[in-house]
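Here's a quick tour of a protein model, written for someone just getting started. Keep the picture handy while you read.

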Amino acid sequence: MKWKGIELFIQSARDQDDLLILVTPLENQRFPATLIVESGILWNREGYVLRNRDSLVACLPEKEIKVYVTNPVIDEMNVQTQSPFLAVRLDTPVGISTGWKRSMEEIKAYLEKSRNKERKRIQKYGELAEVYEAVETCLAWDTIYDPTNNRVVSPVSRIWNCTHGGYALFCWDNYFAAYMASLESKDLAYANAIEITREKVDHGFIPNCSWGNGFKSHDRSQPPVGSLVIKELYRKYKEKWLLEEVFDDLFEWNSWWFTYRKNGSLLSWGSTPYEPIMDNYWEITGVNEIFGGALESGLDNSPMYDGIPFNPESHLMQLHDAGLNGLYVMDCFALADIAKVLKDEKRARELMNRAEIISNHMQELWGEKEGIYFNRLVEGEKGFSKRLSPANFYPLLGKVPTQKQAERMINEHFFNPEEFFGEWIIPSIARNDPAYPDQDYWRGRIWAPMNFLVYLGIRNYQLAEAQKRLAEKSKALLLKEWLQHGHVHENYNADTGEGCDKNNSDRFYHWGALLGIIPLIEEGYLTGPEKELFVGTKYGI
């Protein structure tokens, strides 16, 4: 930790219910600092804290917790806290322990024991140990206890928690968090998948966001990836109750897309007005309609949606989005697979029928000359929108293209250095797009969920070289910032691979770690989701 001329190395470990911390000042300090060990009772729970000479004591209804330091406690009056604390001079290392007083030697020995145990655990990932460490560390940092709802969840970022009432859950973000957690923690994977599903609004969809301040996006959803994640959790853990817990909600969400976002023959993103619930910016400014439905895509300011008309009567963007429709077909397949496990043949057939309808019409988006699926304008001057993003590869997720079409998409566009290929991939808009130089948010920067979804789509086909290269380059992008700065970024510069060049690229945003999930799947640490749960079941249309 570096702060105002102070540099510290901080280590911690857990010994059953006790916490051990070692704070070591590094060389070249501007001046000796003072360490304040402060205490308090979180979430207004019962109990109180007092200082008892050189220790702190938390007096709780069920037990006492004592806190000790290894160094002499000094008198320090000028501290901006009104709770009990211990002050220690930081001219030498300081050890802190709960439970019982431990010596510096005991704390150091236990830390080393814990470090070796952790290294041994991580080494099972072989050459991907550093990748796994980045994934786990970022997800762990963003995981919190939500006292209001008595649950453990992984909001997208600690910074978002501070500004949104304690937590900020987002739809596809938290399903991805569940997928990442399944590497090592079934409980955390289940918690994220179930809790974001339980946020479903009365209209029948999983909302774009749900925040601790009470706000939910009642006008819009986000990309439908929930069924895919639930299917993969069941594949790994084989617990049928999980499917029973969420299936009805996921089916209702799938039905909502087909009913309220069908814009003629195909789906479009939208924003459906509702009676405001909270007097906040998102409800009183009309910002959602200003974005013209783009917020539902999760790609907020993507150039794909620049200038696309928004129909104020249907409340739909006047664009048949290849990405949305590919994702929806994927959702139908995954949910139908789940329905078969639950022996719900009626809804399985209904889901397969929806998938067939959308998949067949998606061939209308195919540009035979260009060899890729385009977005298509719905009204006025009808025709293809030729602006390309990784979402134009999402039809691969729904197994919509033939093998020959998939090969053209990859060879003519994915591997095209004027569009998507390069040292750092995949940019969120083609490199030859006028908006690419912006390198701001979804306008050209690299986003891990796009890499991840394109990778899963590629796995549905015989495209070994593209699959391998995307895994390698995603790994390299993640490790660049992780090894240099210990960051896992929200998004990355597509020219330099940097994340720190933009202040609006959060430095510890958990879905950035999807870049690491790609090589972990590639090397077999997670099963690829391209296979159905029922071996031999053919879902091709």
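Is Arg 115 buried, partly exposed or exposed? Arg 115 counts as partly exposed, because its relative accessibility is 25%. Keep in mind that this is a predicted model. Below you'll find its nonpolar cores, its sheets and its salt bridges.

**Nonpolar cores and a surface patch**

- Let's start inside: the largest nonpolar core has 142 residues.
- The residues with the most contacts inside this core are Tyr 175, Trp 253, Phe 393, Phe 414, Phe 452 and Ile 517.
- Helix α11, which covers residues 322–341, gives this core its largest share, 13 residues.
- Now pick out Phe 452: leaving aside residues up to four places away in sequence, Phe 452 touches Phe 176, Tyr 179, Leu 514, Ile 517, Ile 518 and Ile 521.
- Apart from the largest core lies another one, of 15 residues, and Val 23, Val 69, Val 88 and Val 94 are among them.
- On the outside, Met 1, Trp 3 and Ile 10 make a nonpolar surface patch of about 360 Å².
- Ile 10 sits in strand β2 (residues 6–15), and with a relative accessible area of 46% Ile 10 is partly exposed.

**Sheets and strands**

- A bit of background first: strands of a sheet pair through backbone hydrogen bonds, and the pairing can be parallel or antiparallel.
- One open sheet has seven strands, in the order β1-β2-β3-β9-β7-β6-β5, with antiparallel pairing.
- Which strands sit at the edges of this sheet? They are β1 (2–3) and β5 (48–52), and each pairs on one side only.
- Within that order, strand β3 (residues 18–25) and strand β9 (residues 94–98) run antiparallel and are joined by four bridges.
- If you look across from Leu 22, you'll find Gly 95 in β9 standing opposite.
- Another open sheet has three strands, ordered β18-β21-β22, and here the pairing is antiparallel.
- Its edge strands are β18 (319–320) and β22 (383–385), each of which pairs on one side only.
- Two bridges pair β18 with strand β21 (residues 375–377) in the antiparallel sense, and Leu 319 stands opposite Leu 377 in β21.
- Strand β4 (residues 34–38) is a good place to see a general pattern: in a regular strand, side chains alternate between the two faces of the sheet.
- In β4, Leu 35 and Val 37 point to one face and are buried, whereas Thr 34, Ile 36 and Glu 38 point to the other face and are not buried.
- β4 runs antiparallel to strand β8 (residues 85–89), and five bridges join the two.
- What is the bridge partner of Glu 38 in β8? The partner is Phe 85.

**Salt bridges**

- Side chains of opposite charge can pair when their charged atoms come close.
- How many salt bridges are there? The count comes to 37 salt bridges.
- Back to Arg 115: its side chain meets that of Glu 112 in a salt bridge, at 2.4 Å from N to O.
- Arg 115 and Glu 112 are three residues apart in helix α1 (residues 104–122), so about one helical turn separates them.
- Glu 112 is partly exposed, with a relative accessible area of 34%.
- Lys 186 and Glu 239 form a salt bridge too, and their closest N and O atoms are 2.8 Å apart.
- Lys 186 lies in helix α5 (residues 186–198) and Glu 239 in the loop between α6 (226–237) and α7 (240–260), so this pair ties together parts that are 53 residues apart in sequence.
- Lys 186 counts as partly exposed at 28% relative accessibility, and Glu 239 counts as partly exposed at 21%.
- A salt bridge also joins Arg 387 to Asp 433, with the closest N and O atoms 2.7 Å apart.
- Arg 387 is in the loop between β22 and α13 (403–414), while Asp 433 is in the loop between α13 and α14 (448–458), so the pair ties together parts that are 46 residues apart in sequence.
- Arg 387 is partly exposed, with a relative accessible area of 23%, but Asp 433 is buried, with a relative accessible area of 7%.
- Finally, a network of salt bridges links Asp 146, Arg 151, Glu 195, Arg 198, Glu 199, Lys 216 and Glu 245.

Key:
Residues numbered from 1 in each chain as written. Predicted model: local features only at pLDDT ≥ 70, side-chain atom pairs only at ≥ 80, totals over all residues. Heavy atoms only, no water. Core = buried A, V, L, I, M, F, W, Y, C linked by side-chain atoms within 4.5 Å. Buried < 20%, exposed > 50% of the residue type's maximum accessible area, 1.4 Å probe, protein only. Contact = heavy atoms within 4.5 Å. Patch = residues over 30% accessible without salt bridge, like charges linked within 9 Å, V, L, I, M, F, W, Y side chains within 5 Å. Areas by Shrake-Rupley, 256 points an atom, 1.4 Å probe, with all protein chains shown as cover. Salt bridge = Lys/Arg side-chain N within 4 Å of Asp/Glu carboxyl O. Pairing = 2+ DSSP bridges.
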